[in-house]
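User: Please take a close look at the ligand site in this structure. I should like one connected account of its surroundings, its polar contacts and its place in the overall fold.

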Amino acid sequence: MTKSMRSLLGTVAAAAIVVTATGAAQAETWRYAFEEALDEVQGIFAQKFKEEVEANSDHTVQLFPFGTLGESADIMEQAQAGILQFVNQSPGFTGALIPEAQVFFVPYLLPQDQDALFEFFRSSVAINEMFPELYAEQGLELLTMYPEGEVCMTTQEPVRSPEDLDEVKFRVMTNPLLVESYRAFGATPTPLPWGEVYGALQTGIIQGQENPGFFLESTKMYEVTDVITCIGHNNFTTALMANKDFYDGLGEEDQQVIQDAVDVAFEYILEYQRDLQEESLAKIKEAKPDMQINILSEEERKPFMETAPAVEAAFIEMTGDSGEEILNQMKTDLEAAAEATGG
Ligand code: 6CS
């Protein structure tokens with residue numbers, strides 16, 4: 001057990017005594033951890049959720065941004081143990097726990113068109129009906145999944161084709177399918193938790209990594225890499241969960257407060273990121289004018305796109321029938337979303 005987990009356990013024990021002594025209907029403090037800073041996408045979502053819960057109930061939401069309770073794997077452990085009531089974790093890290101969640105790393109599966117993408121997250125049967133069952137098996141109530149923005153690579157040298165990634169040690173989240181994907185892109189994938197990435201780039205242990213534009217800007221990736229390359233291969237997906245025992249133990253009224261707060265925060269965060277990618281890339285250019293930002297052409301993207309079937313096959317091999325069912329449902333959902341938005 002980590003030190004942060006022990007001290008949090010002490011706080012929880014003290015809170016439990018108060019609840020027992022005063023009755024369970026008391027206003028409670030709900031602890032909510034996420035993988036980013038307060039002014040990054042997950043933090044903006046969390047703040048909106050907190051605002052809604054506190055406006056519509058007597059409960060308080062205590063927010064724990066990245067770094068306050070450890071890495072992503074630590075906050076998931078704490079949420080499963082019931083020390084945290086809520087955790088926001090990206091499938092990039094949930095893949096070890098729920099292999100099917102790796103589906104978000106099949107390249108070129110999600111559309112680049114924002115309307116189609118947002119509609120997919122709103123209406124997807126895979127996300128809203130199938131994934132909750134898989135998360136429940138891990139003691140988690142999946143409340144929502146939402147996108148955070150188009151993922152681009154940052155490297156030391158320009159990347160125009162998979163050959164340019166040869167010999168490049170490329171950091172990926174700790175997710176076997178993401179490893180497969182970057183191997184197929186020609187790189188040497190190196191899984192690392194987020195806290196180690198800046199230092200590893202600075203010391204040359206790795207030479208590249210990928211993340212959405214806002215994160216490249218806010219975490220100053222441009223200080224330790226020289227080139228941004230966007231190939232349209234993915235949009236960063238994340239998920240908000242509650243500890244399932246906690247959630248199931250709530251009254252209907254409190255569950256409704258949570259669902260309503262999630263709905264408001266979900267729509268808010270989609271609107272928030274409408275122009276975020278372009279604005280973030282512009283800010284990077286302003287902070288470091290000689291940063292190269294290359295948006296690859298359709299022609300240049302082709303060899304990257306051609307890797308998709310092999311990565312899909314690797315996903316099915318890792319996850320069997322259950323993964324294949326989710327992948328097929330996602331494809332159906334994506335078609336429906338494209339149709340509904342005129343794509
Ligand atoms: O690359 C990562 O590990 C991190 N990227 C984002 C956009 N959010 C949190 C995650 O830890």
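Analyst: The C-alpha centres of domain 1 and domain 2 lie 25 Å apart in this predicted model. Contact between these domains takes 29 residues from domain 1 and 39 residues from domain 2. The assignment makes both domains discontinuous in numbering: domain 1 is given as 3-104 + 112-148 + 236-275, and domain 2 as 152-234 + 277-341.

This division bears on the ligand site, since the shell around the ligand draws at least three residues from each of domain 1 and domain 2. The residues around the ligand are E35, E36, F93, R171, M173, W194, N211, P212, F215 and F236. By class, this shell has 6 nonpolar, 1 polar and 3 charged residues.

Three side chains of the shell may be described by their polar distances to the ligand. In the side chain of E36, an N or O atom is 2.7 Å from a nitrogen atom of the ligand. For N211, an N or O atom of the side chain is 2.9 Å from a ligand nitrogen atom. R171 places a polar side-chain atom 2.8 Å from an oxygen atom of the ligand. Taken alone, the ligand exposes 300 Å², of which the protein buries 99%.

The location of the ligand completes the picture: it sits in the largest cavity. In summary, the ligand is 99% buried by the protein, and its shell includes residues of both domains, with polar side-chain atoms of E36, R171 and N211 at the stated distances from ligand atoms.

How values were computed
Residues numbered from 1 in each chain as written. Predicted model: local features only at pLDDT ≥ 70, side-chain atom pairs only at ≥ 80, totals over all residues. Heavy atoms only, no water. Near = heavy atom within 4 Å. Polar contact = N/O pair within 3.5 Å; in protein donor to acceptor, adjacent residues only side chain to side chain. Areas by Shrake-Rupley, 256 points an atom, 1.4 Å probe, with all protein chains shown as cover. 1 Å grid on protein atoms, 1.4 Å probe; cavity = no way out; pocket = protein on both sides within 12 Å on 5 of 7 lines; lining within 4 Å. Sits in = over half its atoms within 2 Å of the grid points. Nonpolar A, V, L, I, M, F, W, Y, C, P; charged D, E, K, R; others polar. Domains from an automatic or database assignment. Contact = heavy atoms within 4.5 Å.
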